[in-house]
Every structure is written in C-alpha cells, then in structure tokens.
Amino acid sequence: MDLDVFVSVHRAEWDRLDALLRRRRRLTGAEADELVALYQRTATHLSLIQSTAPDPHLTGRLSQLVARARNAVAGTRRASWRDATHFLGQGFPAAVYRARHWWVPTALVSTAVAILLGWWIGTHPEVQSSIAAPSQLRELTRPGGEYETYYSSHHAAAFAAQVWTNNAQAAAMCLVLGVFLGLPVLWILFQNMLNLGVGFGLMSSAGRLDTFLGLVLPHGLLELTAVFVAAGTGLRLGWTLIDPGPRTRRAALAEEGRAAIGMAIGLALILLVSGAIEGFVTPSGLPTWARIGIGVVAELAFLTYVYVLGGRATRAGETGDLAAPERSASVPTAA
C-alpha cells in the first residue's frame, strides 16, 4: 500500500471527523450519523495502516482520533456498586477458575520444592551453619524464640497491615512481571519457597516442626494460595506472549493483561483476609487445632468460591475481562 496516496485520499474524512468531535454545540441527527460512519471508516483505516504500512506518527494520530470518536459514540460510564458486585461475584472468581490449569500445578510444584529444600536444610548441619551461627539458630528455634515471637512482636493491627502490604506487592509483581516471559515470576516464587523451606528445615532439625506448622498453617494456607494464583497467572501471561493461540498477540496480551489487573485487586482482598488471620489469629492464645482450623476454613471457603461461583460464571461465558462495551475498540486485521 502506498501510504502517501492512502493519506491523501482519506485525509479529508479524518479532518471532518476531527471537526465534528470538536463541535461544542449539539450535533444534528445527520451530523451524528455522519460521525458514526466516519468513526467506523477511520477505525478500518487504522487497522489497514497497522497491518500493512505501520507509521508511528500516523498510527498515533488515528488511534487518538478513533478513541475520541468511540467516547463520543458510546459515551462514558461511571463505575457503580453493581460493577463491584459483578466483579466479586463473577469476574474475579471466573478469572481465577480459568487460570487453574496454571496455578494448581504451580502450587503443587512449589510446595514440593519447599519441602525438598526444608528436608535438605534440616538433614544437613553444614547447610544450617551456612545460614547462621549455631547460637543464632538455637535462639531462632528454641521455645519462645524468634520464630514464635515474630508473630506477636508488633501490634496486631499494624502487623496485619504490614503483612498485607508486602504480600499484595509480591502478588502484583508476579502478575505484572509475567509479561517478561514469566522469568521474574519464577525468581519471586523461588524466594518465597526458599524462605518457607528454611523455616521448615531449621524447626524440624530442632524437633519443633509441629510448632512451626502451627504458626504457619493458620494464615499460610490462604496466603500461599493467593501467591500461587498470582504466580500461575503471571506465567500464563508470559506464555501468551509466546503462544497467543488463535488471537493476535496484541489482542491476547490485552485480554489476559486486563484480567490479570482485575485479579490483582481481587487477590489483594484475599490477602487482606490472610493478613488479618496472621495478625490476630496466629499469635493468639487459641489452641493449635483451633488456629489451624480457622486457616483450613478460610482456605476451603476460597476454593469453594473459585470452583463453585467461578466455574458457574465461566460456563456462562464470563472471562474476567472487561465487558465488551468497555474494551478498546476492536477492528478487523487485514490479511
């Protein structure tokens, strides 16, 4: 396609569309119909240029023009409580459910890695000595030591807020950095499993594995599940860059990226619950069975939420992406 000829042929239409969009007075019926027709034609022109003769300056101008026209045609819309209800009742659980083929294997493999690291550390004194001096390890693992007092060393509300912030940031990083082929996600996940394995190994070598599990499981079940969901979704986003399937790479990344951003908001709410458990339940004076029971109930509630509500919403066509009218204008791609 000769770009100069194409521009000279259609420039008048683009200028007319721009003029209609700049009108401060109300458009007549004929002008409104003309605006819609010019919007559709300009969107098609943009698609042709992007696929056959991409020019950054012209593409930017037409993209802006199409976006303005779309807002004028479709109008703007304010978020409402109905949107929040739809997101929590359908969008978020559907997005998590659709990603289950990624985050469930991620959870299983990561848990196995943490257990293997814990076994290796717990059965090799030379590895333990490389972590800290024997006196420091004894201080960490003794009854009333640092592993136990860590959860009650700060005010419960402040501790819960700090934990929630740190975990939400880690989950968001997994989701966002997944676009870099998932490699940063693997590193973040390994660091989390290494920290878990170190605690597992050191406490088991001191004969206090039951105490360690009693401290970790109440909040850790839900917290780690949220991290696994974020990591699995980030890995899926990275794989989308490699294999977008029947969609164009741009469309696939846009769809999965929007779902990932929504998932970050939902996971922040889930991590708020786990943070509250870690701040108020884990260091509480409740019996170990009661604290672990609370963690198990929270975990089962989340899984039920995902597999029942999310599965139902997915079968009804929900993807976790924005509703069709709220997405960027989609135009055909020229062959």
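**Reading a helical model, step by step**

Me: Let me start with one residue. Which residues does Leu-213 touch, not counting residues up to four places away in sequence?

Reply: Leu-213 touches Pro-218 and Ile-292 once those neighbours are set aside. Keep in mind that this is a predicted model, so contacts like these are computed from predicted positions.

Me: Where is Leu-213 found?

Reply: Look for helix H11, which covers residues 209-242; Leu-213 is found there. Its C-alpha atom is separated by 9.8 Å from that of Gly-199, and the two residues are 14 apart along the chain.

Me: Is Leu-213 buried, exposed or partly exposed?

Reply: The idea is to look at relative accessible area: buried means under 20%, exposed means over 50%, and partly exposed is in between. Leu-213 is at 32% relative accessibility, so it counts as partly exposed.

Me: Now the whole picture. How many helices and strands are there in the protein?

Reply: Count 13 helices and 0 strands. Reading along the sequence, you meet the pattern α-α-α-α-α-α-α-α-α-α-α-α-α. The radius of gyration is 26 Å, well over the 20 Å that the globule rule gives for 335 residues, so the protein is more spread out than a compact globule. Along its principal axes, the C-alpha trace spans about 80 × 40 × 35 Å.

Me: What can I say about burial and surface across the protein?

Reply: Of the 335 residues, 39% count as buried. The accessible surface comes to about 18200 Å², and carbon and sulfur atoms account for 64% of that surface.

Me: How do I read contacts between residues at least 6 apart in sequence?

Reply: Check the separation along the chain for each pair. Here, 77% of those contacts join residues at least 24 apart.

Me: And how many positive and negative side chains are there?

Reply: The protein has 28 positive and 24 negative side chains. The centres of the two sets lie 7 Å apart.

Me: Which residues does UniProt list for "transmembrane region"?

Reply: The UniProt record, an unreviewed entry, lists 102-121, 170-189, 221-239, 259-277 and 289-308. Try comparing such spans with the model. Residues 102-121 are 100% helix and 0% strand, with end C-alpha atoms 28 Å apart. Residues 170-189 are 75% helix and 0% strand, and their end C-alpha atoms lie 9 Å apart.

Me: What is phi of Leu-181, and where is its place?

Reply: Start with the general idea: most residues other than glycine have a negative phi. Phi of Leu-181 is near 60 degrees, a positive value in a residue other than glycine. Leu-181 sits in the loop between helix H9 (156-177) and helix H10 (183-205). With a relative accessible area of 46%, Leu-181 is partly exposed.

Me: Let us finish in helix H13. What is Ile-294 in contact with, leaving aside its neighbours within four places in sequence?

Reply: Ile-294 is in contact with Val-281 and Leu-286. Helix H13 covers residues 288-315 and holds Ile-294, whose relative accessible area of 34% makes it partly exposed. The C-alpha atoms of Ile-294 and Leu-217 are separated by 9.4 Å, although these residues are 77 apart along the chain.

Me: How far apart are the C-alpha atoms of Ala-301 and Gly-220?

Reply: They are separated by 14 Å, with their positions 81 residues apart along the chain as the sequence separation. Ala-301 is found in helix H13 as well, and at 45% relative accessibility Ala-301 counts as partly exposed.

Methods:
Residues are numbered from 1 along each chain as its sequence is written. This is a predicted model: local features need pLDDT of at least 70, side-chain atom pairs count only at pLDDT 80 or more; totals for chains, interfaces and linings use all residues. Side-chain values use heavy atoms; hydrogens and water are left out. Helices (H or I, at least four residues) and strands (E, at least two) are DSSP runs, numbered from the N terminus. The radius of gyration is taken over C-alpha atoms; the globule rule is 2.2 Å times the number of residues to the power 0.38. Buried means under 20% relative accessible area, exposed over 50%, partly exposed in between (1.4 Å probe, protein chains only). Contact means heavy atoms within 4.5 Å. Accessible areas come from the Shrake-Rupley method with a 1.4 Å probe; for residues, only the protein chains shown count as cover. Lys and Arg count as positive and Asp and Glu as negative; His and the chain ends are not counted. The place of a charge is taken as NZ of Lys, CZ of Arg, CG of Asp or CD of Glu. UniProt positions are given in the numbering used here, feature names are shortened, and annotations may be inferred rather than shown by experiment.
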